[in-house]
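Q: Please take a close look at one part of this structure, the side-chain contacts that involve charged groups and aromatic rings, and set them in the context of the whole chain.

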Amino acid sequence: MTPAAKRYSIRTVLFMIGYIVALMAAVSGALDAIGGISGWLLAATVAAPVAGQIWATLSFIRESDEFVAALTAKRFILAAGLAIGLTVFWGFAERFAGAPHLEGWWVYVAFWGLMGLTPLFVRDSAR
């Protein structure tokens with residue numbers, strides 16, 4: 001494991017733990033009565049590890065050799081595009097087809113699920 005990969009792994013574990021803990025607190029229902037400034041602070045607390053994980057991924061790309069950087073960037077862009085496409089599709093399905101409402105934070109879950117699947121389709125850094 002390269003030093004960049006080791007740093008990325010540690011950062012990912014820490015940010016994902018932070019995200020899971022904050023998300024579970026936010027969606028458990030115990031904090032539903034929170035509003036006003038406290039609600040905004042809770043939203044920011046849950047979003048902070050998301051921003052941290054994106055930073056960790058971009059740092060990994062920057063710190064990696066050209067091949068790994070290009071491969072990771074290609075996978076990241078593909079997963080982001082697919083997640084955005086799925087989100088837009090689901091939004092219109094809610095509006096026009098009566099699909100059940102999904103909270104916006106599911107796009108983050110979809111993105112990382114798709115990021116995990118991209119190695120099945122993106123195996124080299126060539127166009």
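A: What follows begins with the chain as a whole and then turns to the salt bridges and the aromatic pairs.

The model is predicted, and its protein chain has four helices and zero strands, so that from the N terminus on the elements run α-α-α-α. Along the principal axes, the C-alpha atoms of the protein chain fill a box of roughly 50 × 35 × 20 Å. Of the 127 residues, 28% count as buried, while the surface that the chain exposes comes to about 8400 Å², with carbon and sulfur atoms supplying 73% of it. If one takes the contacts between residues at least 6 apart in sequence, 75% of them join residues at least 24 apart. The chain carries 9 positive and 7 negative charges, and the mean positions of these two sets are 8 Å apart.

The charged side chains come next. The structure holds three salt bridges, and Glu-63 takes part in a salt bridge with Arg-7, in which the closest N and O atoms are 3.1 Å apart. Because Glu-63 lies in helix H2 (residues 36–63) and Arg-7 in helix H1, this pair ties together parts that are 56 residues apart in sequence. Neither partner falls in the buried class: Glu-63 is partly exposed, with a relative accessible area of 30%, and Arg-7 is also partly exposed, with a relative accessible area of 36%. Glu-63 meets Arg-11 as well, in a salt bridge with an N to O distance of 3.7 Å, and this pair again links distant parts of the chain, with Glu-63 in helix H2 and Arg-11 in helix H1, 52 residues apart. A further salt bridge brings together the side chains of Glu-63 and Arg-62, at 3.9 Å from N to O; Arg-62 is exposed, with a relative accessible area of 60%. Through shared partners, these salt bridges join Arg-7, Arg-11, Arg-62 and Glu-63 into one network.

The aromatic side chains form the other part of the picture. A pair of aromatic rings is described by the distance of the centres and the angle of the planes. The count comes to nine aromatic pairs, and one of them is formed by Tyr-19 and Tyr-108, whose ring centres are 4.8 Å apart and whose planes stand at 70 degrees, so the pair is edge-to-face. Since Tyr-19 lies in helix H1 (residues 3–27) and Tyr-108 in helix H4 (residues 106–117), the pair ties together parts that are 89 residues apart in sequence. Both tyrosines are buried, Tyr-19 with a relative accessible area of 6% and Tyr-108 with a relative accessible area of 10%. Another pair is that of Trp-105 and Trp-106, where the ring centres are 4.6 Å apart and the planes lie at 25 degrees, so the pair is stacked. Trp-105 counts as partly exposed at 28% relative accessibility, and Trp-106 is likewise partly exposed, with a relative accessible area of 40%. Ring pairs also link Tyr-19, Phe-76, Tyr-108, Phe-111 and Trp-112 into a cluster.

Taken together, helix H1 contributes Arg-7 to a salt bridge with Glu-63 of helix H2, and helix H1 also contributes Tyr-19 to an aromatic pair with Tyr-108 of helix H4.

Technical notes: Residues numbered from 1 in each chain as written. Predicted model: local features only at pLDDT ≥ 70, side-chain atom pairs only at ≥ 80, totals over all residues. Heavy atoms only, no water. Helix = DSSP H or I, 4+ residues; strand = E, 2+ residues; numbered from the N terminus. Buried < 20%, exposed > 50% of the residue type's maximum accessible area, 1.4 Å probe, protein only. Contact = heavy atoms within 4.5 Å. Areas by Shrake-Rupley, 256 points an atom, 1.4 Å probe, with all protein chains shown as cover. Lys, Arg positive; Asp, Glu negative; His and termini not counted. Charge placed at Lys NZ, Arg CZ, Asp CG, Glu CD. Phe/Tyr/Trp six-rings, centres within 6.5 Å; stacked < 30°, edge-to-face > 60°. Salt bridge = Lys/Arg side-chain N within 4 Å of Asp/Glu carboxyl O.
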